[in-house]
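Trainee: I am new to this structure and would like to learn how to read its inner spaces. Could you walk me through them?

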Amino acid sequence: MVGKSIQIPRITEQLRGYVGARLELVEAGTRPARRGPARVRPATHLADLSVAARRAAVTSLGEPGYRADQLSRHYFGRLTESAEEMTELPGGVRQRLADSLLPRLLEAVRDVTCDRGMTRKTLWRAADGSFVESVLMRYPGRVTICVSSQAGCGMACPFCATGQAGLTRNLSTAEIVTQVVSGARSLARGEVAGGPGRISNVVFMGMGEPLANYPAVVAAIRRISDPVPAGLGISQRSVTVSTVGLVPAMRRLAGEGLTCRLAVSLHAPDDGLRDELVPVNRRWKVAEVLDAAWTYAASARRRVSIEYAMIRDVNDQAWRADQLAGLLAGRPAHVNLIPLNPTPGSRWTASDPAVAAEFEARLAARGIPVTVRDTRGREIDGACGQLAAAGRAL
Ligand code: SAH
């Protein structure tokens, strides 16, 4: 792992744009930009394209447009990318169409499992050498896949491992979607403990800030939820997008007509502390973030999840629970308390369970729906905030 201390790390171009001059001070004396392999745009894949654009792409290759639907059914319905399996396509065109529209975007470099195989983290290498991770979590009766939307992250939250190395790049729509398709394929083939199954939930809680990669993420949500052959056919109501609170993007999302759930990583009810824990708060304050969250809740008709990592003696005081309850009373919100997962070099630890229980009880007493999140995958560094593929790949 790279991160040694929990000082606010290198601030990326992206974050500087959001946060303005104050953070430039922080940047002085931090690490130089990491030099990676030359970056190339990911190849275009059918999951990047609308149904009409797929047909146009196939036509431009001299094949009838309906072959695009056939390919799409293989990819999204049968969950296969291999030309040999596409037996209803003429032998001569199978490989050519697959090469053009189903390029391999992510190569699985390593799988690690825990919870008797019920949690599996996959490290992926993209064509340009960027690394990302996704995590599949099987529970009784449902399977959740946690996907990455960026290689790295520019939001610099000091308690999150992904934030420590900065942003490498945005993922393309298909690079996001392919994480879900690969998970669905493994489940369908019975490669995950518990027998063959299907993905029931998708959460954008892996590496990256989804709303900082807005167009690709919104297109990915549509591709994940559109019915086969347009997409994978997973209900938007089973998809959760998690954000640090990029207010203009949250407002824009509210205008998309989506019904997916929005999660807001709040972590503190007061700007003083949130400015430190979620540095983008220096640009958009708690009140603005929550206001945008309620706008989204009204448009999607969904309660917003308020994510709150319980950090010992940092944000877990009873008075902060009361302050949080005051902000959320009467609002369409559900609080998820997440015991802080340790990240290398962090001086912070999870709250004492009794303190966390008191925090939860205070919210519940004010009528705020609250749950303590079961954190999966800690021992494989696959839990919330522990994904740091770039820092320890291979
Ligand atoms: N950038 C988005 C998506 C990442 S989601 C966001 O921040 O919302 C991952 C969730 O895990 C966020 O709520 C994040 O704040 C939380 N998290 C990050 N590091 C964590 C850690 N070490 N322990 C517990 N939760 C953490």
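Mentor: Gladly! Let us begin with residue classes: Ala, Val, Leu, Ile, Met, Phe, Trp, Tyr, Cys and Pro count as nonpolar, Asp, Glu, Lys and Arg as charged, and the others, Gly among them, as polar. By these classes, the lining of the largest cavity holds 18 nonpolar, ten polar and three charged residues. Please keep in mind that this is a predicted model, where local features need pLDDT of at least 70 and side-chain atom pairs count only at pLDDT 80 or more, while totals for chains, interfaces and linings use all residues. Residues are numbered from 1 along each chain as its sequence is written, and side-chain values use heavy atoms, with hydrogens and water left out.

Trainee: How many cavities of 30 Å³ or more are there?

Mentor: First, the general idea. On a 1 Å grid over the protein atoms alone, a cavity is a set of points where a 1.4 Å probe fits but cannot get out; a pocket is an open set with protein on both sides within 12 Å along at least five of seven lines, and lining residues have an atom within 4 Å of a point. Grid points are joined across faces, edges and corners, and a volume is the space filled by probe spheres set on the points. Here the count is three cavities of 30 Å³ or more. The largest cavity has about 500 Å³ of space. Its lining has 31 residues, and Phe159, Cys160, Ser265, His267 and Gly385 are the closest to its centre. Two or more lining residues come from each of β8 (239-243), β10 (304-310) and β11 (333-339); such helices (H or I, at least four residues) and strands (E, at least two) are DSSP runs, numbered from the N terminus.

Trainee: What takes the space of the largest cavity?

Mentor: A molecule sits in a cavity or pocket if more than half of its atoms lie within 2 Å of its grid points. In this model, the space taken by the ligand is the largest cavity.

Trainee: Which residues surround the ligand most closely?

Mentor: A residue is near a molecule if one of its heavy atoms lies within 4 Å of it. The ligand is surrounded by 20 residues, the closest being Ser242, Ser265, His267, Asn341 and Gly385. This shell divides into nine nonpolar, nine polar and two charged residues.

Trainee: Where does the ligand have polar contacts with the protein?

Mentor: Look for a pair of N or O atoms within 3.5 Å. A polar side-chain atom of Ser265 is 2.5 Å from an oxygen atom of the ligand. A backbone N or O atom of Thr243 lies 3.3 Å from a ligand oxygen atom, and a polar backbone atom of Phe159 is 3.0 Å from a nitrogen atom of the ligand. The ligand taken alone exposes 530 Å², of which the protein buries 96%; these areas come from the Shrake-Rupley method with a 1.4 Å probe.

Trainee: And what volume does the largest pocket have?

Mentor: About 720 Å³. Of the 33 residues in its lining, Arg142, Val203, Met205, Asn336 and Arg373 lie nearest its centre. By class, that lining has twelve nonpolar, twelve polar and nine charged residues.

Trainee: Which element gives the most to the lining of the second largest pocket?

Mentor: That is α6 (173-188), with six residues. The second largest pocket has a volume of about 390 Å³. Among its 25 lining residues, Leu106, Ala108, Trp124, Ser182 and Arg185 lie nearest its centre.

Note on methods: Polar contact = N/O pair within 3.5 Å; in protein donor to acceptor, adjacent residues only side chain to side chain.
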